Amino acid sequence: MSSFLVLGIESSCDETGVALVRAPADGGVPQLLAHALHSQVAMHADYGGVVPELASRDHIRRVLPLTSKALAQAGCTLLNVDAVAFTRGPGLAGALLVGAGVACALGAALDVPVLGVHHLEGHLLSPFLSADAPEFPFVALLVSGGHTQLMRVEGVGQYELLGESIDDAAGEAFDKSAKLIGLPYPGGPELARLAERGNAEVFNFPRPLLHSGNLDFSFAGLKTAVLTQVKKLLEPLDEQVRADLAASVQAAIVDVLVKKSLSALRQTRLKRLVVAGGVSANRALREQMNAACKARGVRVHYPELELCTDNGAMIAMAAAMRMQAGVEVPQKDYSFDVRARWPLQEVAQITEKTQHAKA
Ligand code: KG4
Ligand code: ZN
């Protein structure tokens with residue numbers, strides 16, 4: 001087989017994603033043939049956040065139509081699929097079960113192997129889908145709604161945790177601060193939009209653990225500082241004040257993320273950085289990270305903007321790269337389970353050297 005076709009399904013939270021990736025069997029970067037996505041944002045907006053039961057039900061409604069759409073876009077049929085990948089965790093258990101159940105049913109019906117992918121490994125490898133794909137080794141800053149981690153990445157499956165958030169994740173800090181400023185769910189992108197019109201120097205929010213000497217993060221105190229500040233101001237908040245609050249919060253989060261990434265690069269002596277996960281879509285973060293990296297001769301890579309938040313492409317890609325690297329052999333074992341909590345280290349093989357892309 002000179003190449004193989006992977007169908008990937010993502011259903012860990014509030015986005016249903018299905019994608020097709022074709023991977024050369026002997027190495028080389030896999031190519032994205034098609035990806036289809038449905039966001040549940042509008043459905044959850046009335047509740048101010050994700051309602052797990054509604055999320056699961058919506059994944060069930062969307063996953064097969066999205067699969068048909070992706071196949072049509074790629075000019076393929078199910079009979080062309082060589083392996084089916086799904087997000088095994090971490091995430092909402094009921095939501096994960098939808099993707100896992102459908103993937104295993106498809107696998108059994110087509111008599112092809114299946115593979116459960118770690119959601120964060122999907123984010124981590126998503127920049128390989130971009131025009132400016134990275135090369136190993138690199139430092140990775142993973143910034144999503146549930147995780148903030150710095151890793152040293154030697155190859156596929158070779159992840160060494162350098163530091164992580166001891167409380168809230170960066171995305172969570174964006175979302176919680178947005179709520180306090182009176183912005184609707186999903187808070188991160190809303191706060192970023194409002195911040196464009198604000199002055200980041202009006203409020204001086206804390207930069208927790210900035211000088212801690214290690215690579216851990218803490219964002220819970222920031223939320224408290226925003227709450228205290230909002231209480232001090234006269235409600236209802238003036239539009240400009242809200243924009244200044246948004247810009248100042250964003251500046252605090254970005255400042256910490258940039259400086260800690262630079263420390264990780266210094267410590268590891270690596271000259272390449274990958275920033276991935278939902279928060280990597282943030283424009284201020286990209287601008288400041290680009291400027292800081294340029295000044296230090298560091299190459300920085302991001303996923304394409306539309307692939308920063310959850311999608312099926314990153315799941316198909318991670319599966320394809322694990323298979324190419326020989327880190328994982330998908331099995332015709334359809335007795336699936338999911339992992340609502342699942343440390344990325346459990347899928348890492350940091351002691352064994354396996355390199356991606358021999359050719
Ligand atoms: O990776 P992701 O889609 O889901 C998880 O795996 O958690 O990340 C979602 C997070 C949310 O917290 C969202 O507010 C944040 O990413 N996010 C942003 C932006 N776009 C998404 N935060 C700041 N600026 C953005 N432009
Ligand atoms: Zn995610």
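In this predicted model, the largest nonpolar core is built from 50 residues. Phe205, Phe219, Ile253, Leu257, Leu273, Val275 and Met289 have the most contacts inside that core. Several elements each supply at least two residues to the core, and the table shows some of them.

| Element | Residues |
|---|---|
| Strand E6 | 138-143 |
| Helix H5 | 170-180 |
| Helix H7 | 220-232 |
| Helix H8 | 239-268 |
| Strand E9 | 272-276 |

Which helix gives the most to this core? That is H8, with 14 residues. Apart from this core lies another one, of 39 residues, with Ala85, Val117, Phe138 and Val153 among them.

Now take a look at Phe219. Beyond its neighbours within four places in sequence, Phe219 is in contact with residues including Thr148, Ser165, Ala173, Ile253, Val256 and Leu257.

Next, see how two helices meet. The axes of H5 and H7 come within 9 Å and cross at roughly 10°. Angles under 35 degrees count as roughly parallel, so H5 and H7 are roughly parallel to each other. Where they meet, Lys176, Ser177 and Leu180 come from H5, while H7 brings Lys223, Val226, Leu227 and Val230.

Finally, let us visit helix H10. H10 covers residues 312-325 and has 14 residues. From its first C-alpha to its last, H10 reaches 20 Å, close to the 20 Å expected at 1.5 Å a residue. Is H10 mostly covered or mostly open? H10 is mostly covered, with 13 of its 14 residues buried. At the N-terminal end, Asn311 acts as a cap: one of its side-chain oxygens lies 3.0 Å from the backbone nitrogen of Ala313. Just after H10, Gly326 takes a positive phi of about 75°.

Technical notes. Residues numbered from 1 in each chain as written. Chains lettered and ligands numbered in written order. Predicted model: local features only at pLDDT ≥ 70, side-chain atom pairs only at ≥ 80, totals over all residues. Heavy atoms only, no water. Core = buried A, V, L, I, M, F, W, Y, C linked by side-chain atoms within 4.5 Å. Buried < 20%, exposed > 50% of the residue type's maximum accessible area, 1.4 Å probe, protein only. Helix = DSSP H or I, 4+ residues; strand = E, 2+ residues; numbered from the N terminus. Contact = heavy atoms within 4.5 Å. Expected span 1.5 Å × (residues − 1). Polar contact = N/O pair within 3.5 Å; in protein donor to acceptor, adjacent residues only side chain to side chain. Axes fitted to C-alpha atoms, helices over the stretch in contact; angles between N-to-C directions. Parallel < 35°, antiparallel > 145°, perpendicular 65-115°, else oblique.
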